[in-house]
Amino acid sequence: MGLPDFSIALPEIFLACVAMALLMIGAFRGNKATSLICWLSVLAFIIAGFLVQFEAQTSVTTFDGLYRDDAFGIFMKTLCLGASAFAVIMSIDFNKREKMVRFEFPILIVIATLGMMVMISANDLMTMYLGIELMSLSLYVTAAFKRDSVRSTEAGLKYFVLGALSSGMLLYGVSLIYGFTGTTNFDVLAGLFKSGAEEAGIGLLIGIVFMIAGLAFKVSAVPFHMWTPDVYEGVPTPVTAFFAAAPKVAAIALFLRVFITPFGELVGQWQQIIIFISVASMILGAFAAINQKNIKRLMAYSSIGHIGYALVGLAAGTEEGVRGVLIYMAIYVVMNIGTFACILSMRHRDGMVEEISELAGLSKSQPWMAFFFLIFMFSLAGIPPLAGFFGKFYIFIAAINAGLIPLAVIGLVTSVVGAYYYLRIVKIMYFDDPAEGFEPTSRTQSIIMTVSGLFVAFFVLFPAPLLEGAQAAAAVLFS
């Protein structure tokens with residue numbers, strides 16, 4: 001056996017080397033190097049993004065078939081790198097204000113992003129598991145990073161315990177699949193099912209169910225969502241912003257690759273489970289957020305609902321459905337980054353604003369921020385002609401064309417219900433009596449919310465690049 005083609009994994013190798021180099025800088029210079037390490041991390045994400053673009057558009061494997069490089073990986077890795085870079089940038093000012101200046105923070109995000117990239121390019125159940133654990137272990141530490149905060153420590157402990165349980169379920173599912181098929185390689189599994197050499201027996205189906213349970217935890221889909229509201233509320237806001245974007249993209253990418261590539265021929269076996277998870281997530285996300293008073297808990301339930309919408313495309317099991325998921329996740333990441341840039345800017349003399357009622361009169365004290373927050377809330381609600389509407393449009397059209405009309409109808413109904421709590425925030429900002437004034441918005445957060453807001457507002461005029469990229473990425477999984 002010859003040497004593997006290391007160039008296929010060059011972005012991942014680069015990020016691993018960067019993480020070790022930044023750790024050495026921090027070890028020798030201490031916390032005074034935190035700002036430098038943050039910006040070097042952002043630069044590393046940008047360079048890794050360029051390296052990703054030079055990867056093969058066609059499907060190529062290396063490391064004896066364990067690792068795959070294709071257009072699908074390029075698309076999803078670009079989203080993860082962008083979300084991680086913005087999360088680090090948004091954390092810089094916040095960490096200084098909250099006295100959380102520790103050099104390990106950006107390094108943990110780099111390592112977590114490395115795990116996400118391994119997940120996205122996994123071509124074997126073992127590679128998949130290693131990527132998940134590399135990401136998860138970094139996220140557990142990041143969640144409990146504010147050590148002197150009881151809320152943060154509690155959130156990190158909850159996330160760790162439930163995450164360990166989900167990893168055990170996932171690994172048990174992998175062991176069952178290996179036991180009943182004799183392989184963990186995606187290509188070999190796909191060949192077995194296409195040739196009819198392997199029947200979808202009860203043991204194999206139980207293994208697939210356990211895998212779905214483990215992956216559903218990573219995307220916080222119902223009924224494995226229980227950690228999400230408490231963790232989102234308890235961890236520092238930049239960590240919440242990171243959790244709401246990059247890890248969700250990587251986990252959805254893994255969902256798509258696992259169930260379209262090796263188990264694509266068994267769509268009739270796992271489709272009903274995905275439909276149940278999707279419907280339950282959409283309904284819970286729509287109704288549970290109505291009475292929320294904390295903005296971060298509301299965003300937690302919002303993210304559960306949006307994952308439900310994304311899973312509608314996977315339930316369709318078609319190339320059009322996968323394309324819809326990719327478009328949706330790209331738009332979802334931008335909306336979340338912009339929303340959390342606004343939330344991070346909401347601060348008065350006593351500290352960060354987290355209660356929704358405290359946003360009263362924001363349009364009078366901070367009209368620019370209120371305007372962009374309105375755009376993001378309307379987009380999350382799916383109101384045309386903003387980008388969020390088109391994300392849901394492509395998902396629901398794919399479901400209808402796949403014959404899943406009831407699923408699309410449920411999605412539409414829950415979208416209408418969910419619009420209530422987004423519009424309630426707008427009503428509080430623009431029509432309630434002003435509350436305590438807010439401190440000036442930092443330049444960094446202003447730039448991020450402006451760029452995100454412009455993308456959301458003007459996506460309708462320039463949709464072609466995203467649509468074409470998503471189409472090329474989806475086609476690879478079905479080639």
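Ser 479 is exposed, because its relative accessible area is 74% (exposed means over 50%, buried under 20% and partly exposed in between, with a 1.4 Å probe and protein chains only). The residue sits in the segment after α20 (464-478). Its C-alpha lies 34 Å from that of Gly 163, and the two are 316 residues apart in sequence. The model is predicted: local features need pLDDT of at least 70, side-chain atom pairs count only at pLDDT 80 or more, and totals for chains, interfaces and linings use all residues. Numbering runs from 1 along each chain as its sequence is written, and side-chain values use heavy atoms, with hydrogens and water left out.

The chain holds 20 helices and four strands. These are DSSP runs numbered from the N terminus, helices being H or I of at least four residues and strands E of at least two. The radius of gyration is 21 Å, which agrees with the value near 23 Å for a compact globule of 479 residues. That radius is taken over C-alpha atoms, and the globule rule is 2.2 Å times the number of residues to the power 0.38. Along its principal axes, the C-alpha trace spans about 70 × 55 × 40 Å. Buried residues account for 61% of the 479. Of the contacts between residues at least 6 apart in sequence, 81% join residues at least 24 apart (contact means heavy atoms within 4.5 Å).

Nonpolar side chains tend to be buried together in soluble globular proteins. Here the largest nonpolar core has 174 residues, of which Met 128, Phe 259, Phe 263, Leu 326 and Phe 373 touch the most other members. Helix α14 (residues 319-345) supplies the largest share, 18 residues. A nonpolar core is a set of buried Ala, Val, Leu, Ile, Met, Phe, Trp, Tyr and Cys residues joined through side-chain atoms within 4.5 Å. Beyond its neighbours within four places in sequence, Phe 373 has contacts that include Ile 295, Thr 339, Leu 359 and Met 429.

The whole structure contains 25 aromatic pairs. Rings of Phe, Tyr and Trp (its six-membered ring) pair if their centres lie within 6.5 Å; planes under 30 degrees apart are stacked, over 60 edge-to-face and the rest tilted. Tyr 159 and Phe 243 form a tilted pair, because their planes meet at 50°, with centres 5.4 Å apart. Tyr 159 belongs to helix α6 (residues 150-181) and Phe 243 to helix α10 (residues 237-243), 84 residues apart. Tyr 159 is buried at 5% relative accessible area, and Phe 243 is buried at 3%. Both belong to a cluster linked by ring pairs, with Tyr 140, Phe 160, Phe 217, Trp 227 and Phe 242.

Seven salt bridges are found in the whole structure (a side-chain nitrogen of Lys or Arg within 4 Å of a carboxyl oxygen of Asp or Glu). Glu 12 and Lys 77 pair at 2.7 Å, N to O. This bridge links helix α1 (residues 10-29) to helix α3 (residues 71-97). Both partners are buried. Asp 70 and Arg 257 pair at 3.0 Å. Asp 70 lies in the loop between β2 (67-69) and α3 and Arg 257 in helix α11 (residues 246-260), so the bridge ties together parts 187 residues apart in sequence. These two residues are also buried.

Arg 297 and Glu 233 meet at 2.9 Å, N to O. Arg 297 is buried at 17% relative accessible area, whereas Glu 233 is partly exposed at 21%. Salt bridges with shared partners join both to Glu 154, Lys 158 and Asp 230 in one network.
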